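The following exercises are to be worked with the sequence and the coordinates at hand. Each task is followed by a solution in steps.

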Amino acid sequence: MSDDEEFSDWAREHSPALLRRATLLCGDRHRAEDLVQETLVRLFLHWRRIDLDDNPVGYAHTTLFRLFVSGRRRRSSGELPTAELPERAGGPADVEGHLDLVAALQALSPKQRCVVVARYVDDRSVTEVARLMRRTESWVRVNASRALHQLRDSPLVAASATHDLARRS
């Protein structure tokens, strides 16, 4: 099997999980798709150097998180988010709790969002998150604590969602 085929198979298998993490980070499916695409491009460019026996998924997560944080730093100030879309989607779906949590995550700083997603969604240790974000373990603990406190105080998040996050910490 060629490297291109091997990468295509790997990307097909792992893209949905990358997209879920990116959606939690970005809060917007379209930006998340762009982030995953950029992550996959970086992985493809370095695919021959990635040790498949080691942890290519971890490499992809690290790339995704770092691209998200660096992308937030250089994002154009010309973008103007709007609360209303030009056209309406179908009827309301039964995902209000999830949408509230995603909206509350957007109130966090990008670095705090990375900590929350890596710690509680990906279930990574403080040491792994510190290494991933190139920070100290105490920085990760402090930011996780502050982010959870901010999420608990958010009127958007239902009590059960914050209870689940706090229980995992």
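**Exercise 1. Overall architecture**

What share of the contacts in the protein with a separation of 6 or more comes from residues 24 or more positions apart? Describe also the secondary structure and the burial of the chain.

Solution. The model is a predicted one. Step one concerns the contacts: residues 24 or more positions apart account for 68% of those with a separation of 6 or more. Step two is the inventory of elements, which comprises eight helices and zero strands. Read from the N terminus, the order is therefore α-α-α-α-α-α-α-α. Step three is burial: 39% of the 169 residues count as buried.

**Exercise 2. The buried side of H6**

Determine which residues of helix H6 are buried, and how they are placed around the axis.

Solution. Helix H6 spans residues 126-133, and its buried members are Val126, Val129, Ala130, Leu132 and Met133. Around the axis these residues cover an arc of only 165 degrees, so they lie on the same side of H6. The general background is that an α-helix has 3.6 residues a turn, so residues three or four places apart point the same way.

**Exercise 3. The packing of H5 against H6**

Characterise the geometry of the pair H5 and H6, and list the residues that make the contact.

Solution. Two packed helices are described by the angle between their axes and the distance between the axes. Helix H5 covers residues 110-121; its angle with H6 is about 140 degrees, and the two axes are 10 Å apart. This angle makes H5 oblique to H6, since only angles over 145 degrees would count as roughly antiparallel. The crossing of the two helices is right-handed. On the H5 side, the contact is made by Lys111, Cys114, Val115, Ala118 and Arg119, and on the H6 side by Val126, Val129, Leu132 and Met133. Sorted by class, the contact of H5 with H6 holds seven nonpolar, no polar and two charged residues.

**Exercise 4. Positive phi on either side of H6**

What phi does Asp123 have, and what phi does Arg134 have? State for each residue where it lies and whether it is buried or exposed.

Solution. Most residues other than glycine have a negative phi. Asp123, although not a glycine, has a positive phi of about 60 degrees. This residue is placed in the loop between H5 and H6, and it counts as exposed at 62% relative accessibility. Arg134 is likewise not a glycine and has a positive phi of about 60 degrees. Its position is just after H6, in the loop between H6 and helix H7 (137-153). With a relative accessible area of 63%, Arg134 is exposed.

**Exercise 5. Two helical residues**

Where is Arg21 placed, and which residues does it touch? Establish further how exposed Ala103 is.

Solution. Arg21 belongs to helix H1 (residues 3-26). Its relative accessibility is 14%, so Arg21 counts as buried, the cut-off being under 20%. Leaving aside residues up to four places away in sequence, Arg21 touches His61, Leu64, Val117 and Asp122. Ala103 is found in helix H4 (residues 96-106). Its relative accessible area is 34%, and Ala103 is therefore partly exposed. Finally, Ala103 and Asp28 are 75 residues apart along the chain, while their C-alpha atoms are separated by 9.7 Å.

Technical notes. Residues numbered from 1 in each chain as written. Predicted model: local features only at pLDDT ≥ 70, side-chain atom pairs only at ≥ 80, totals over all residues. Heavy atoms only, no water. Buried < 20%, exposed > 50% of the residue type's maximum accessible area, 1.4 Å probe, protein only. Helix = DSSP H or I, 4+ residues; strand = E, 2+ residues; numbered from the N terminus. Arc of directions from axis to C-beta. Axes fitted to C-alpha atoms, helices over the stretch in contact; angles between N-to-C directions. Parallel < 35°, antiparallel > 145°, perpendicular 65-115°, else oblique. Left-handed = near helix turned anticlockwise from the far one by under 90°. Contact = heavy atoms within 4.5 Å. Nonpolar A, V, L, I, M, F, W, Y, C, P; charged D, E, K, R; others polar.
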